[in-house]
Structure formats: C-alpha cells, structure tokens
Amino acid sequence: MFKVFRIRQYITRAIRGGHIIYTLIGFLVVNWLSVRPYMRVFIPKKYRRNGSVLSMPERLRIVIEKLGTTFVKFGQILADRPDIVSEKLRTELKKLQSMARPIDHNLAMRLIEEELGGPLNKYFNEIENKKCIGAASIGQVYKGKLKNGEEVVIKIQRPDIESKIALDLELLKYLARQLVKEYPGFSTVDIVGFVEEFGETLKREMDYVNEASNVNRFNQMFKDVPYCKIPKVYMNLSTPRLLVMEYISGINPDDTRQLEQEGYDPHEIATNGVNVILTMIFKHGFFHADPHPGNLFILPGNKIALIDFGMVGSLKPAHMQFLADFTLGLANNDAAVITDALLVLCNKKFFADKDDLEFYVHDMLTRNSSLSYERINFSQILNESIKLIVKYELRIPATIYLLLKALATIENFGSKLYPDISLPAIIKPYAKELVMQKFSPSVIVHDIVDTAKDYVSLIKDFPAEMNEILFKLKHGKLIHEIHIGGPEGWQGAVHGIGKALSAALLLGFMLLVSAIMSIWGKTPWVGNVVFAISFFIALWLVLRSFIRSGI
C-alpha cells in the first residue's frame, strides 16, 4: 500500500513538474520571438491585442494564471512588494485573479461528511440550492442551515490541494535558489527567504483552524464595539479542512445606490469602516490584511461586517510605535522624526546615509506641502517613504507591506463612500494615544526595572567573567580574531589599529609620568592618582576588546 502511494506521488509530481516546465518553456519561446520582428507572426493570439504583442509583464501575468493557485497567490503577494519587483510589473500583477472552477457538488458533499465524521443530515437541515455560493483556489463555500435553524456558511477545502501546493512550493524554492545562483544581485532582496515566508503564509491560510482562531480573536476584540460585526465560528463543526461560520447578509459597500435607497449614511459607514481597521492596527496590532469591498458588508445601523479572515497581519510593538511616530512626524511636517521612525523600523540604530535619507524625506514632504495634513493621501505618503528605504537596500518587515495594503484599501473604501473623509485626521488621535502609552508611568517603571536588572546581572557576572579572562591569559589560550574584508574593511582595520596604538602610547606615557612623580615628585599622591586613572582606563580598554572579540 505504501509503495502504491509513493508511486502515485511520484507520478503526480512528474505531471505537475512537466506542466510547469512546458508552460515556462512556452513563455521563454514567446519572449524570444517578441524581440525578433520578423518572427512575431508565430506568437499565439492570447499574447496579442489589437495586432500588437503584449508587453513582457502582461505575458508573465497570463503565464502565472495558467500555472494555477500557488503561483497566482505568489504573484499577488509580489504585487505588494516594491522592494522585489518593478512598479510596471507590480501594476500588472495586481490584475491576477484566481479563476477557480467549482469542484463537483457530490464530491464536495462527500468531503464535508468525511470531515464531520457523519452524514450531512446529522448536522444540517439543508445545504441551500445544492450549489456553491463561491469558489476560490483553495476551497469553495456553501450556504446551509443548522438543526437549530441558524444560517451558516460552509467552507470546504479542495481535495489534494495540500500536496499540490507543497509540490509547487518546492519548485518555487528551487527556482529561487537557481535565480540567486545565476544572478547574485537578487541576494540583496533575499528572494529565497521571501519564498519560504510565502510558503509559511500559504500553509497557515490552508489551515481552517487557524482562520477560525483569527475570527475568534477578532470577536473578542470587537465584542463591545456596536458598529462592528464579526461572524460566529462553530468550532465543534470546524476542522483544518472545514470551516463553519455564521452567515452574514448585508449590502456590498460598492452598491452606493442601494445604500442611499435604504437610508444608510455613507459618511458614518466610511468613518466606522476606517475606525474598525485602525482599532485593529493601533490598539491590538492584529489586523484584517485584505479589507476590500468583497470582504465587507453593511448591516442596519451603518454597522460594518467583515468576512474571510485567512489573511491577517501581526504587528510587533516596535512596528506600532513606528506607525505612531511616522503619523505625528507627518502631521508636524518633521522630516527628522519620519527618518528616525523609518530607521527604527529597519532596526538601524546607526546609518551612514541618514542625512541623505532625511534630505529625500524632506523633499517628499515639500512636494506634498500644497495640501494640508488632513487632505494628504496617507497611504501614498507611507508607500513613498517605504520606497525611499528600499532604495537604500534596507530590510523591511514583511508585515509592513500587509499594513500598507490594508491602509490603502480602507482609505479607498472610505473615500468612495464619502469623498471628504480624512484618514490622516482619523489616524492622528490613535497615534497620540500610542505615543502617550510609551511614556506612561507603568512603562517607564518597567524600563527602569529592566535596566536595573541588566546592571545587577553585569555586577553579578563580572567576577566570573574576569576570572575566565585571567585564566585564559595565564594558560596562553587567549585568542583575538581579526576579520578584514575588502578595501573598506582594510581601512577600518588600519583605523582601529591606529586608535589602539594611540591609546597604548598615551597610557604608557601616563604610567611613566605617574611612576616618576611617585618616586621623585614633591607630591607623590598626584602620581598615585594618575597611576590609578591609567590603570582603570587600561582595564576598561582590555575588557571592551575582549567583549567585542567574543571571548
């Protein structure tokens, strides 16, 4: 049985690998033909429009859609990464769509029964229309009714999707490694790390228990917020491949005519929607990463309901603090504050080109100075700032790109419903509250206690570490490694050696003078003081050298 399974697995991999190779070869052939005008007549019609050959980014998008689920999702994530792909390609990748055909209804029902461990009529009164209400690349959704009459949505995963995606991820990793090997310049953006990170994200999205826990977390966050509705999850009916949630019925926010006809207030809807996402970001550091109109419904009372919680973002306290500092720096038109916030985001305490970066930030603010703070496009300014960081090849946490996407989406959502809404004005109080928390008495006391612990630890460990250093000195086992790489490393090493020699000469002179003053001077105590100072400086320099060398 095991051998049969392995043979089937090898055959599946071979077929999938052959399909991918065939598709990529076709793409390369079309590229080859496109740069030879006399050969363009042989290019297939799907790569043409109005007699002209489609651009390379357009052809690439068509190929990605042909390759299926994993590659489409990979392209969609790349579309939000200006640090990896060009703006022209990003624009095209944003058009990617998962064009999934529904699986056979009987097969879907059988899969649901397998996950539940029993017949459908044991758990549901009905599954409406015997037809899915939505089909995506990973799963498809049905509307049903529980035994107690509650309406639910039933999300079932496609068969064998895990093994198919696992194979695609292996191939993507291989292609990424080969790309870095052939084009070393790609190592600066860590394309291999990006593929691995994408794989982990996709695996989490395939685990419906993970999505269910996301929903429960949002429910807890908004349990006392009257203008936000999060659906209930039926955990007793949910598994890693099956998700059963409360059915939400409302008006799509893009249908402004119906909203007006039924007496809804567009201004209040826009404000509520923006506040829901900002509360997630600034107060909880955990947010819905894809709040587009298809994942939002408007309920009576201008209430916002969210669905589809497979893609979420988590912010560390440092990320939230960055956003708060950036917001206040933007409100005060302060390039220095924004620059510091960007460098903190990249975990750069010391940056050689800081003045240069601040100049470009100031230039960006100047270009937008014709608008008041309340009227600027917040997500666009944040995106421009991230692009500046990318130009210096600094690493930015992946969550920040999800944050950019969420902010841009919700800003667009608000402005469509109510053009005069100001995202910057709504964000500012959240940012101020976050900054005030940073300087609250409890936080300050916590920082002082942490610092005191560090000093206590230093005092406690110092004798043992000093004994270890003296032991190594005594037995001649003290090793100091010097690593020099390239011209800059050599210059740094020479500079360091010069500083060390200067310090040694100065200390030697001080020790000599102190000895002379102690023996022949009229005030020997002065010589003793100089000697003591010299000794402690020398001891400090030696210890610092040992610490830096990692002994």
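This passage describes a three-stranded sheet with the helix packed on it, and then helix α13, in a predicted model.

The sheet is open and consists of three strands in the order β7-β11-β10, with mixed pairing. Strands β7 (residues 228–229) and β10 (residues 296–299) each have a single partner strand and therefore stand at the edges, with one side of each left without a neighbour in the sheet. Strands β10 and β11 run antiparallel and are joined by four bridges, β11 being formed by residues 303–306. Within this pair, I298 is positioned opposite I304 of β11. Helix α10, which spans residues 266–284, packs on the sheet and touches β7, β10 and β11. The direction of α10 makes an angle of about 50 degrees with that of β11.

Helix α13 comprises 14 residues, from 354 to 367. The distance from its first C-alpha to its last is 20 Å, close to the 20 Å expected at 1.5 Å a residue. Four residues of α13 are buried, namely L357, V361, M364 and L365. These residues cover an arc of only 100 degrees around the axis, so they lie on the same side of α13. The buried residues of α13 pack against three helices: α11 (317–331), α12 (335–345) and α14 (378–391). On the face of α13 turned away from the buried side, the exposed residues D355, F359 and R367 are found.

Notes. Residues numbered from 1 in each chain as written. Predicted model: local features only at pLDDT ≥ 70, side-chain atom pairs only at ≥ 80, totals over all residues. Heavy atoms only, no water. Pairing = 2+ DSSP bridges. Helix = DSSP H or I, 4+ residues; strand = E, 2+ residues; numbered from the N terminus. Contact = heavy atoms within 4.5 Å. Axes fitted to C-alpha atoms, helices over the stretch in contact; angles between N-to-C directions. Expected span 1.5 Å × (residues − 1). Buried < 20%, exposed > 50% of the residue type's maximum accessible area, 1.4 Å probe, protein only. Arc of directions from axis to C-beta.
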